[in-house]
Amino acid sequence: MKTKQIAHLENYSGTILIPVFETNSKSIIPIKFEDVEISSKVFFGKKDTHYLAEYKGNTYIFIGLGKAIDYKSIKTIFRRIAAKEIESFGKNVALFIPKQFSTELVEATISGLLLGTYDLGHYKIKETHPFLNDHFELEILSNNDYSATINRAIKIARAQLETLSLVDLPPNKVTPKYLANWAVDKGAKYGFEVEVLGLEACQIQGLGAFLAVGKASQNEPQFIIMKYTPKESIPNLKHVGFVGKGITFDTGGLNIKTAGMLEMKCDMAGGAAVFGAMQLIADLQLAVKITAIVPCAENSVDSRSLLPSDVIHSYSGNSIEIIDTDAEGRLILADGLSYLIKNFQPEYIIDIATLTGSSMGTFGHECAALFTNNETISKKIQETGDAIGERLWPLPLWEAYKQDIESDIADVKNYSGKPLAGAITAAKFLEYFTQEHPAWAHLDIAGVAFGDDEFAKSKHATAYGVHLLTQFIEQL
């Protein structure tokens, strides 16, 4: 999608989208736009309502915004308009920007419209609508120059669209090798370095916990390392590290899942969020140094499967007793965190993963679980999430929970064996491998990365984390 700004609709022919705030009046209030007036119908601008009017060959779509407007609401409203009204748009579409709109709401509007073009039917035979074409031009009707905001909004949406596809595509397509190739291709396109460690390289490096998870799959694990540095020299450049869980499918291993396995293609949504964030950060040329690691493996079942009660050795040198093979995400993240800290020493570290059903049991689908002992990170990332509608809420990392991962035979065990405090004990396990890093945060996104909404009949990706990670580091 491309945009062009215009000041008026002289000689324009097409569809005009007009956002309308809700009025307090209970009487019929005429809504005027250019020389179009709605006076014969009741339209108060109530949220999730819209009104179509035809006049002089143009289609006017008046879009109700409601009263309490926030970033996520605006984004969802315009995603809905694009997704459900797209067939009536035609080739020419103009968007009127109300004077009450902040730059943030303009950004939400544009990115919502572009997200509305996403189609979950990746393998269906279908015709392409003109609005879906990358050469489509949206005309912006405003006296203010929003070109920078619109450019940013398009980049955000494109990164989120990539992430949606990565998570929604089937596991026979999105294998560890597929993700490695994706990273290499996007790195070349957007300007970040990519190094991929295959099976032999991982064995040489001693990534034992990571390799233990993927050894039962016919798809070779891939340990993906991405590095972004701004093109221009910037003094006192902050260095941020990301680690994303890249389990392309999770059967549970020998502790096989008895329910919910159908959705386990989404178990790489944390890794996908890191991929999307890397694309977006490089696309925006942010003034920060990023080192990101996504360990990618498939947790499958065969004669080589990891056994409950096995003891394995991690990259850090610590031994791990395997209590449950379905607690595999924390194993690959442990090696990812250890490798990141030892070899790159970032000032800040965030790992993001669809890690536990416990976090979903606590928060449902409303927010992610946040774990950190760094108050600055906790405050900033929560404020960022609230601002863009990707919310988080903290859970404790108290020492009292450490006993749940203590092992008699090894340095640590991967699961407490109890159906209690699952998200917290998983976070305590990860903390063990951070070497007491002072600025580490863990995001458990199991409840917010994949779910039900109005945009498809089946559960699908949300792209949670792409915008959050990007905007958070902008606030550092």
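**Salt bridges and pockets: a short tour**

Hi everyone, let's start with one residue: Asp 326, with a relative accessibility of 25%, counts as partly exposed. Before I go on, please keep in mind that this is a predicted model. Now look at Lys 257. Its relative accessibility is 19%, and it counts as buried because the cut-off for buried is under 20%.

What do the side chains of Lys 257 and Asp 326 form when they meet? They form a salt bridge, at 3.0 Å from N to O. Lys 257 sits in the loop between β12 (246–250) and α7, while Asp 326 sits in the loop between β15 (319–321) and α8, so this pair ties together parts that are 69 residues apart in sequence.

Other salt bridges share partners, and in this way Asp 48, Arg 80, Lys 84 and Glu 454 are joined into one network. Let's zoom in on one link there. Between Glu 454 and Arg 80 there is a salt bridge whose closest N and O atoms are 2.5 Å apart. The two residues are 374 residues apart in the chain: Arg 80 belongs to helix α1, and Glu 454 to the loop between β21 and β22 (460–461). Is each partner buried or partly exposed? Arg 80 counts as buried, at 19% relative accessibility, whereas Glu 454 is partly exposed, at 37%.

Here is a third pair, this time between two helices. Lys 155 and Asp 283 make a salt bridge through their side chains, at 3.8 Å from N to O. Helix α3 (residues 147–168) holds Lys 155 and helix α7 (residues 269–284) holds Asp 283, so parts that are 128 residues apart in sequence are tied together. Lys 155 is buried, with a relative accessible area of 18%. Across the whole structure, the search finds 19 salt bridges.

Now for the pockets. The largest pocket holds about 940 Å³ of space. Its lining has 33 residues, and those nearest its centre are Lys 72, Thr 76, Gly 389, Asp 453 and Thr 462. Which element supplies the largest share of that lining? It is α1, with eight residues, and we have just met α1 as the home of Arg 80. By class, 14 lining residues are charged, ten are nonpolar and nine are polar.

The second largest pocket holds about 750 Å³. It is lined by 35 residues, and you will recognise two of the names closest to its centre: Lys 257 and Asp 326 are there, along with Leu 355, Thr 356 and Gly 357. Two or more lining residues come from each of α8 (329–344), α9 (357–363) and β21. Of these, α9 gives the most, with three residues. This lining has 13 nonpolar residues, eleven polar ones and eleven charged ones.

Let me finish with α8. This helix of 16 residues spans 22 Å from its first C-alpha to its last, close to the 22 Å expected at 1.5 Å a residue. It is mostly covered, with 14 of its 16 residues buried. If you follow the chain just past α8, you reach Gln 345, which takes a positive phi of about 45 degrees. Thanks for listening!

How values were computed: Residues numbered from 1 in each chain as written. Predicted model: local features only at pLDDT ≥ 70, side-chain atom pairs only at ≥ 80, totals over all residues. Heavy atoms only, no water. 1 Å grid on protein atoms, 1.4 Å probe; cavity = no way out; pocket = protein on both sides within 12 Å on 5 of 7 lines; lining within 4 Å. Points joined across faces, edges and corners; volume = space filled by probe spheres on them. Helix = DSSP H or I, 4+ residues; strand = E, 2+ residues; numbered from the N terminus. Nonpolar A, V, L, I, M, F, W, Y, C, P; charged D, E, K, R; others polar. Expected span 1.5 Å × (residues − 1). Buried < 20%, exposed > 50% of the residue type's maximum accessible area, 1.4 Å probe, protein only. Salt bridge = Lys/Arg side-chain N within 4 Å of Asp/Glu carboxyl O.
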